[in-house]
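Reader: I am new to protein models. Please show me how to read a few features, one at a time.

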Amino acid sequence: MLALVISPALADKHVKAGPRKGLIMELQGKNAEFFVEKDHTVSIAFYDASGKALTPSDEVVTATAEAPSGKAKLEFEKKGNLLVSKAPLPSGDGYQVVVQAKASADAKSKNFRVKLQLHTCAGCSNPEYACTCDE
């Protein structure tokens, strides 16, 4: 019974990174890649199960940055093949970003907690929030 409790917890620790070196969030039938741009906005790219890029259609994404300065809600808009936050993340890092994503407007919402660490990992060269090293 202990294995049933521990196994899901360990499975959630395995991080997958996308083609842009962002954090892959698994949705129903597709993947979404969370990526912090140089201007501190967040962009979300979508991929099918084989990794082929998808143009956003009816996916719904919102996020809440739980920064030391207070909570900030991020809304997203379609820009080309991405959903991009209308506002940048609050300054700093080391805080949680809670992303709520739906594969379609009528799908069940799925929550993802991202520990926002913006420095680059020396081992995998991804931003630390998308580090794939087994540390």
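Author: We will go through strands, burial, contacts and backbone angles. This is a predicted model: local features need pLDDT of at least 70, side-chain atom pairs count only at pLDDT 80 or more, and totals for chains, interfaces and linings use all residues. Residues are numbered from 1 along each chain as its sequence is written, and side-chain values use heavy atoms, leaving out hydrogens and water.

Reader: How do I read strand pairing, and in which sense do E5 and E6 pair?

Author: Start with the terms. Helices (H or I, at least four residues) and strands (E, at least two) are DSSP runs, numbered from the N terminus. Two strands pair if DSSP finds at least two bridges between them. Here, strand E5 (residues 60-67) and strand E6 (residues 70-79) are antiparallel, with six bridges. Ala67 has Gly70 in E6 as its bridge partner. Two residues make the hairpin link from E5 to E6.

Reader: How many bridges join E6 to E7?

Author: Four, and E6 and strand E7 (residues 82-85) run antiparallel. Phe76 is opposite Ser85 in E7. This hairpin also has two residues between its strands, and Gly80 in the turn has a positive phi of about 65 degrees.

Reader: What is the general rule for the sign of phi?

Author: Most residues other than glycine have a negative phi. Now look at two cases. Lys21 is not a glycine, yet its phi is positive, about 70 degrees. Lys21 sits in the loop between helix H1 (2-13) and strand E1 (23-27). His40 has a positive phi near 75 degrees. His40 belongs to the loop between strand E2 (30-36) and strand E3 (42-47).

Reader: Is His40 buried or exposed?

Author: Use the cut-offs: buried means under 20% relative accessible area, exposed over 50%, partly exposed in between (1.4 Å probe, protein chains only). His40 is buried because its relative accessible area is 18%. Lys21 has 35% relative accessibility, so Lys21 counts as partly exposed.

Reader: What is Asn126 in contact with?

Author: Contact means heavy atoms within 4.5 Å. Leaving aside neighbours within four places in sequence, the contacts of Asn126 include Lys21, His119 and Cys131. Asn126 counts as buried because its relative accessibility is 6%.

Reader: How far apart in space are Lys102 and Asp58?

Author: They are 8.7 Å apart, C-alpha to C-alpha, and 44 residues apart in sequence. Lys102 lies in strand E8 (residues 96-102). At 23% relative accessibility, Lys102 is therefore partly exposed.
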